[in-house]
Amino acid sequence: MTDRRQVLKHSATVATLMAAHGWLPPLAHAAGPAASKGAFEAKSMADVLKALGAGAPQESKEVTITGPDIAENGAVVPLGVSTGAAGVKQMLLMVEKNPNALAALFNVTPDVDANFSTRVKMGQSSNVFGVAVMNDGKVLFAQKEVKVTLGGCGG
Amino acid sequence: MADPMRIRAQVAGDKATVRVLMSHEMETGQRKDSAGKTIPAWYISEVSATHNGKTVMTSEWGPAVSKNPFMQFNIKGAKAGDKVAVTWVDNKGDKRTDEATVS
């Protein structure tokens with residue numbers, strides 16, 4: 001009969017073998033997309049930043065968010081986020097009143113400018129946030145109100 | 001397989017502006033069809049870009065990005081003739097890579 005100790009020993013061996021053969025996802029990968037999974041399910045900016053493990057945000061003039069004052073069609077709202085500050089790790093675009101606040105997350109490398117634009121959907125008029133997560137843990141953001149005359153969510 | 005992306009990369013000073021237009025439904029998972037059933041979410045979740053084979057940018061998207069997504073970013077130090085490739089992966093595991101030459 002196998003006792004508990006043996007079973008544990010076996011499972012440890014199996015885990016090691018699996019890791020060696022690449023069955024288990026490597027740790028580096030787990031810290032990538034999986035880590036920010038929760039961020040996309042978060043409802044508010046505070047929750048998103050918590051899910052990403054970032055600190056408390058502070059409003060900053062170094063971050064710029066560009067977007068229309070009034071968006072006629074909430075399904076296509078052009079938004080851009082940029083910053084001149086050095087040492088940016090991630091740039092985020094968030095829409096406060098969407099079901100899930102986080103719309104897009106860009107990982108910045110030294111080879112690209114911290115300047116990204118895309119188009120997002122907005123369910124209703126809301127504040128939008130451009131957030132820069134810095135390498136030193138600081139979180140800077142800029143906000144802007146976008147009025148939507150026709151929502152982009154729901155059917 | 002999804003339709004090809006349209007990628008335009010143009011030199012502007014010491015960097016290249018890359019504009020990408022992808023072809024994707026970007027279904028949010030919030031909408032309902034005429035029978036009242038929720039349409040399952042189907043959206044691009046990861047986008048990455050390479051410059052001459054070196055990854056310069058990765059990003060993660062939620063379903064809030066618009067249908068047929070547009071994205072713009074700048075690659076530092078890119079010159080005319082360089083290759084820029086963009087890859088997306090959607091939440092169903094479908095993926096597509098397209099390449100363009102900087103002009």
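In this predicted model, six strands line up into an open sheet, running β2(A)-β4(A)-β7(A)-β5(B)-β2(B)-β1(B), with antiparallel pairing. At the edges stand β2 (63-66) of chain A and β1 (6-12) of chain B; each has just a single partner strand, so one side of each goes without a neighbour in the sheet. Going from strand to neighbouring strand, the turn averages 15 degrees, direction ignored.

The place where the sheet passes from one chain to the other deserves a look of its own. Here β7 of chain A (residues 115-120) meets β5 of chain B (residues 70-76), and the two run antiparallel, joined by two bridges. Strands of a sheet pair through backbone hydrogen bonds, be it parallel or antiparallel. On the chain A side, one of the bridge residues is A:S117, whose partner in β5(B) is B:Q72. A:T118, for its part, is bridged to B:M71 of β5(B).

As for contacts between the chains, 26 residues of chain B touch 29 residues of chain A. On the chain B side, the elements that put in two or more residues are β3 (44-51), β4 (54-61) and β5. Of these, β5(B) gives the most, with seven residues. So what is the side of chain B that touches chain A made of, in nonpolar, polar and charged residues? It splits into 10 nonpolar, nine polar and seven charged residues.

Taken together, β5(B) turns up twice in this picture: β5(B) is bridged to β7 of chain A, and β5(B) also gives the most residues to the side of chain B that touches chain A.

Key
Residues are numbered from 1 along each chain as its sequence is written. Chains are lettered from A and ligands numbered from 1 in the order in which they are written. This is a predicted model: local features need pLDDT of at least 70, side-chain atom pairs count only at pLDDT 80 or more; totals for chains, interfaces and linings use all residues. Two strands pair if DSSP finds at least two bridges between them. Helices (H or I, at least four residues) and strands (E, at least two) are DSSP runs, numbered from the N terminus. Axes are lines fitted to C-alpha atoms, for helices over the stretch in contact, and angles run from 0 to 180 degrees between N-to-C directions. Two residues are in contact if their C-beta atoms, placed from the backbone, lie within 7 Å. Ala, Val, Leu, Ile, Met, Phe, Trp, Tyr, Cys and Pro count as nonpolar, Asp, Glu, Lys and Arg as charged, and the others, Gly among them, as polar.
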